Amino acid sequence: MHRCRRERLHGKAPRCREAALPRPRVDAQVTELPEKVEDIEIRLLLEALFLRYHYDFRNYAMASIKRRLRQAREQLGFSTFSAMQESILRDADMLPQLLRFMTVQVSEMFRDPSYFRALRERVVPHLKTYPSLKVWVAGCSTGEELYSLVILFREEGLEERTLFYATDINHDALETAQAGIYPMERIPLFTQNHRQSGGKSSLSDYYQAAYGRASLDKTLRKNVVFSDHSLVTDSVFAEMHLISCRNVLIYFDKALQDRALGLFEDSLARRGFLGLGSKESLRFSSHASAFADFVREEKIYQRSSE
């Protein structure tokens with residue numbers, strides 16, 4: 001077989017030319033920038049959480065998820081999301097630690113006092129016409145919104161006929177809610193909110209202070225059912241007269257928001273009420289036609305009678 005050599009041969013033999021290698025075909029799609037490695041890692045981690053533990057964060061707003069996962073990666077001591085995924089898959093004890101970052105636990109009693117005043121002055125008169133009531137606090141976090149509603153219903157004479165459901169996907173948050181114990185330094189804000197919401201008594205009537213903590217009256221929990229429930233994967237909870245789900249949907253993408261709102265529609269009694277957060281709306285939802293604005297400025301809606 002003839003070999004191409006680079007030395008000069010005797011005489012003036014023609015110079016040996018190197019054979020040209022064929023150029024690879026460049027597909028238009030290949031020229032596009034690939035996803036960042038970090039984005040791929042995050043998607044795989046979310047898929048692993050769903051397949052291993054059935055916690056579905058895959059359709060949460062990605063900007064929010066990235067921010068929370070980066071905090072978790074740093075504080076839990078992982079160098080990459082792939083390393084975090086390996087640990088989560090093989091060590092179930094890591095799950096509660098991660099969920100503390102994945103689920104937002106920022107709340108306060110009577111947060112946005114005007115919302116609770118609107119419930120008291122506009123919604124409660126309708127609820128008083130029912131012999132029994134069911135109220136669902138979806139995404140109850142550590143319980144501040146739940147206890148706000150229980151106190152409001154007690155002050156309005158509705159507590160005894162009401163069954164409250166408090167749900168969240170975070171077991172640690174549910175345990176905190178069920179304990180009903182909060183740092184005393186938070187109480188001044190809670191007290192101010194309660195007063196601005198139209199409270200008819202002193203908030204101090206509902207807790208005992210000791211060792212820097214405020215322990216809420218145990219009787220506030222006598223009509224409460226605490227339960228693990230996911231707006232992403234679980235079904236209709238029960239027939240409710242009021243559903244309060246505030247500052248949860250803002251962390252979902254549009255498809256997941258529609259799923260949750262459909263769940264609320266199916267869970268509400270006819271003419272039942274739905275309360276959302278100040279930055280949330282039914283306006284662009286596929287379920288918007290099933291509701292009417294009731295107190296527009298406070299994002300309180302009423303389900304249609306059909």
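Mentor: Before we start, one bit of vocabulary: two strands count as a pair if DSSP finds at least two bridges between them. Keep in mind that this is a predicted model.

Trainee: Okay. In what order do the seven strands of the open sheet run?

Mentor: Read across, they go E6-E2-E1-E7-E8-E10-E9, with mixed pairing.

Trainee: Which strands stand at the edges?

Mentor: Strand E6 (224-228) and strand E9 (291-295); each has a single partner strand, so one side of each is left without a neighbour in the sheet. On average, neighbouring strands here are turned by 20° against each other, direction ignored.

Trainee: What packs on the sheet?

Mentor: Helix H7 (residues 171-179) does, touching strand E2 (162-168) and E6. The direction of H7 makes about 170° with that of E6.

Trainee: How many bridges link E8 and E10?

Mentor: Three, in the antiparallel sense. For a concrete spot, look at leucine 274, whose bridge partner in E10 is tyrosine 301.

Trainee: Now helices. Why would buried residues line one face?

Mentor: An α-helix has 3.6 residues a turn, so residues three or four places apart point the same way. Take H4 (residues 94-102): its buried residues are Met94, Leu95, Leu98, Leu99, Phe101 and Met102. Seen down the axis of H4, they fall within an arc of 155°, so they line one face.

Trainee: Which helices do the buried residues of H4 pack against?

Mentor: Helix H1 (37-53), helix H2 (62-76) and helix H3 (81-90).

Trainee: And the three-strand sheet, what is its order?

Mentor: E3-E5-E4, open and antiparallel. Strand E3 (181-183) and strand E4 (207-210) are the edges, each pairing on one side only.

Conventions. Residues numbered from 1 in each chain as written. Predicted model: local features only at pLDDT ≥ 70, side-chain atom pairs only at ≥ 80, totals over all residues. Heavy atoms only, no water. Helix = DSSP H or I, 4+ residues; strand = E, 2+ residues; numbered from the N terminus. Axes fitted to C-alpha atoms, helices over the stretch in contact; angles between N-to-C directions. Contact = heavy atoms within 4.5 Å. Buried < 20%, exposed > 50% of the residue type's maximum accessible area, 1.4 Å probe, protein only. Arc of directions from axis to C-beta.
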